[in-house]
Amino acid sequence: MNIIYHPSSQTFHLYNDFFSYIIGVLPDGGLGQYYYGRPIRDRKDQSHFFESSNRGMTVWPLEDRPDYSPETTQLEYPSLGRGDYREPAYEIVSQNGSSISDLKYTSHRIYDGKPPIKGLPHSYTECDDEAKTLEIDLKDKIKGTLLTLIYTIYRDYGVMTRSVKYKNTGQATLYLKRALSMSLDLPDHDYIWMQFSGAWGRERIPHEKRLENGITAIDSLRGHSSHHQNPFVILRRPETTETQGEAMGFSFVYSGNFLALAEVDNYDMTRILMGIHPQNFSWKLEGGDSFETPEVIMSFSSEGLNGLSHTLHVFLRERVARGPWRDRPRPILLNSWEALQMDFTEGSILRMAQKASKLGIELFVLDDGWFGQRTEASGLGDWFVDVSKLPEGLSGLSKKINSLGMDFGVWIEPEMVSPDSELYRSHPDFVLHEPARSMSLGRNQLVLDFSNPHVVDYIFGMLMRVFDGANISYIKWDMNRSISECFSSFWTADRQGEIYHRYILGVYEFYERLIKAYPDVLIESCASGGGRFDAGMLYYAPQAWCSDDTDACERIKIQYGTSYGYPLSSMGAHVSACPNGQVNRFTPLSTRANVAYFGAFGYEMDFNHLGDEELNEIKAQIKFMKENRELIQFGRFYRLISPKDDHLSSWMVVSPDRSRAIVGLYKILNTVNAGFYHIKLLGLDPQKDYLIEGTGEIYGGDELMCRGISSKSDASTNGVAKFLGIGQDLDRDFGSRIYVLREVR
Ligand code: GLA
């Protein structure tokens with residue numbers, strides 16, 4: 001890993017074992033992008049990568065260089081108004097109304113380590129020598145702006161992080177109308193764009209399209225990163241597969257409105273942009289003021305999509321997530337929501353908990369309904385215990401749960417308020433709204449104005465009082481509606497464009513305070529399921545509730561899609577009762593667990609409603625997970641077969657020393673009289689032999705990877721699939737099997 005500056009050619013080369021990234025100063029003093037791809041050797045002069053030409057209708061800023069046109073050049077952080085007609089990376093409006101800007105390189109610094117970004121989530125280092133940072137200063141003298149492009153590369157991870165700092169160095173006020181975190185110009189457009197889209201209950205399903213001339217974009221304008229589009233995209237080469245070829249990922253470390261965009265121009269170059277969505281955004285910069293953008297993690301792999309995911313899994317787990325839970329296997333929890341919703345008493349909670357403790361559950365989570373006069377339409381924001389349900393408060397309940405040998409966790413939704421609540425009646429000014437205009441309801445609730453620091457203080461104080469004396473080990477932080485009427489009376493008219501971003505800064509500030517107050521507590525983020533599942537949230541909460549859809553079959557798709565950009569340790573995944581509450585489907589208890597194992601595992605059901613057979617099965621599931629969660633949550637994950645055809649799906653994890661592996665194989669819809677299929681495993685040691693536990697069968701790692709686990713069904717008779725001769729649990733809709741492989745010597 002190194003960052004080298006060659007003064008003679010004014011080029012910068014950032015490289016590690018995974019990629020090279022080369023930038024150079026252009027003829028007009030701006031910055032050009034020269035190369036991003038597999039590592040290449042450093043040379044003193046790589047300015048021959050610079051390409052530009054005078055084509056019909058192009059313009060040139062330098063009188064004597066008609067061959068240099070911004071429009072035909074790969075630019076590093078493109079401006080507006082000087083002849084580049086593609087989407088710009090930023091826009092600054094000066095007092096005379098001009099958006100024209102022009103950045104010139106002035107200086108740079110290269111140093112060990114990585115600087116923090118104040119008030120925003122960001123990746124970090126544990127010691128300075130594991131990363132190097134380059135800061136490049138660019139100035140627009142006429143506007144009086146200094147932009148610092150910040151790049152960090154890591155020795156051990158195939159990632160580079162990028163962010164930008166703006167400073168108004170003049171006296172006159174400026175308005176930042178667009179301040180994206182990164183721009184990347186690539187020399188061709190031979191890419192497939194992958195996005196992870198959905199809606200409530202069906203988040204992060206992969207969608208692919210070939211980049212063509214014009215703009216491809218995803219975004220969120222909902223005030224949170226959203227169920228609809230995830231702030232993570234991949235560009236892969238058409239020939240790239242799960243196991244080979246080049247792929248690059250772009251993960252936005254941010255939880256609010258975002259834009260991710262690819263523009264293929266008419267000379268077949270591709271520009272990638274990512275950052276805070278410019279719509280509904282503006283930031284006032286008075287003389288001397290600064291603004292820092294959130295960070296983008298750019299990841300690169302020449303080992304296919306599984307390679308890219310692995311890079312991201314390890315990086316997000318080890319250098320974005322923080323705190324004592326970062327490296328710890330996650331507790332197996334029982335959450336009260338799907339079983340009891342808001343209709344419970346201390347008695348019913350304790351009955352659930354007593355049964356759970358006998359089965360081996362480690363953490364009992366009390367979900368929504370414990371505070372205020374809570375109903376679906378009231379009580380949110382009233383953070384005091386409903387003593388008609390819990391006469392001894394959270395502190396009394398937590399003690400009783402603890403005495404059963406389990407930790408206690410609790411649900412909160414601090415950003416919201418019900419109109420029918422004491423909080424709203426006494427502080428109607430606390431919500432985001434434009435006075436005189438009616439407010440839209442979402443889930444019967446309004447959004448508190450977290451751009452106002454007094455509101456953040458007030459709610460934080462309330463929560464601290466109610467938590468006082470309770471032994472809380474886990475907090476589930478929920479957020480259940482998108483923002484509308486985004487207006488804050490706390491801020492002046494010229495700052496209304498800042499509210500969406502200030503809201504998220506308020507959320508981050510609240511999280512930071514919570515972590516400070518309860519450093520050992522495990523926080524799980526949630527937003528009606530996976531409506532704020534992003535790299536930013538992982539900085540505060542190392543796991544997130546994947547989706548409100550807990551149906552095993554749907555969850556295969558959701559968790560499969562999520563795995564492209566996020567580690568298994570971050571995916572809250574629970575076994576729930578049947579028929580499933582979201583899709584009314586019956587799936588075997590074994591399949592529900594076989595899917596949920598591949599995440600932060602738990603249950604959402606009242607075990608008192610189950611018979612002995614199911615209870616014994618659950619006991620065995622919990623035992624299995626306790627024995628294997630370290631491998632599953634921190635091992636190397638591989639996608640094997642995509643569930644997109646609703647037929648068969650498979651994934652696996654392998655321990656770092658390749659001595660153990662666990663494979664999940666899922667039949668979605670069964671077929672009759674099907675041919676044999678072979679599940680080719682990945683990541684094993686070809687030289688080792690592996691025992692498939694429970695079967696006595698031993699196969700070579702090479703056999704398992706090259707020939708695969710095979711179905712030995714007799715296709716000519718009845719199509720019964722007998723996997724390695726064990727069980728017929730795959731011979732049905734929603735059947736599944738787990739294979740545990742162990743090295744034998
Ligand atoms: C959201 C969450 C659920 C549950 C409910 C409670 O929908 O995603 O898990 O906590 O809120 O109201």
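Which residues of helix 7 are buried? In this predicted model, the list begins with an unbroken run, Ile499, Tyr500, His501, Arg502, Tyr503 and Ile504. Gly506, Val507, Tyr508, Phe510, Tyr511 and Leu514 complete the buried set. Helix 7 itself takes in residues 499-517, 19 residues in total. From first C-alpha to last, helix 7 reaches 27 Å, close to the 27 Å expected at 1.5 Å a residue.

Now for the ligand. There are 13 residues around it, and Asp367, Asp368, Lys476, Asp478 and Asp548 come nearest. Sorted by character, the shell holds six charged residues, three polar ones and four nonpolar ones. As for individual contacts, Asp367 places a polar side-chain atom 2.6 Å from an oxygen atom of the ligand. Trp411 also has a polar side-chain atom facing a ligand oxygen, at 3.0 Å. With Gly529 the backbone does the job: one of its polar backbone atoms is 2.9 Å from an oxygen atom of the ligand. Not much of the ligand is left uncovered, since on its own it has 310 Å² of accessible area and the protein covers 98% of that.

Over in the strands, strand 3 (residues 20-25) pairs with strand 4 in the antiparallel sense, with six bridges between them. Ser20 sits opposite Gly37 of strand 4. The two strands make a hairpin, with five residues between them. In that turn, Gly29 has a positive phi of about 90°. Strand 4 (residues 31-37) is mostly covered, with seven of its seven residues buried.

Key:
Residues numbered from 1 in each chain as written. Predicted model: local features only at pLDDT ≥ 70, side-chain atom pairs only at ≥ 80, totals over all residues. Heavy atoms only, no water. Helix = DSSP H or I, 4+ residues; strand = E, 2+ residues; numbered from the N terminus. Expected span 1.5 Å × (residues − 1). Buried < 20%, exposed > 50% of the residue type's maximum accessible area, 1.4 Å probe, protein only. Near = heavy atom within 4 Å. Polar contact = N/O pair within 3.5 Å; in protein donor to acceptor, adjacent residues only side chain to side chain. Areas by Shrake-Rupley, 256 points an atom, 1.4 Å probe, with all protein chains shown as cover. Nonpolar A, V, L, I, M, F, W, Y, C, P; charged D, E, K, R; others polar. Pairing = 2+ DSSP bridges.
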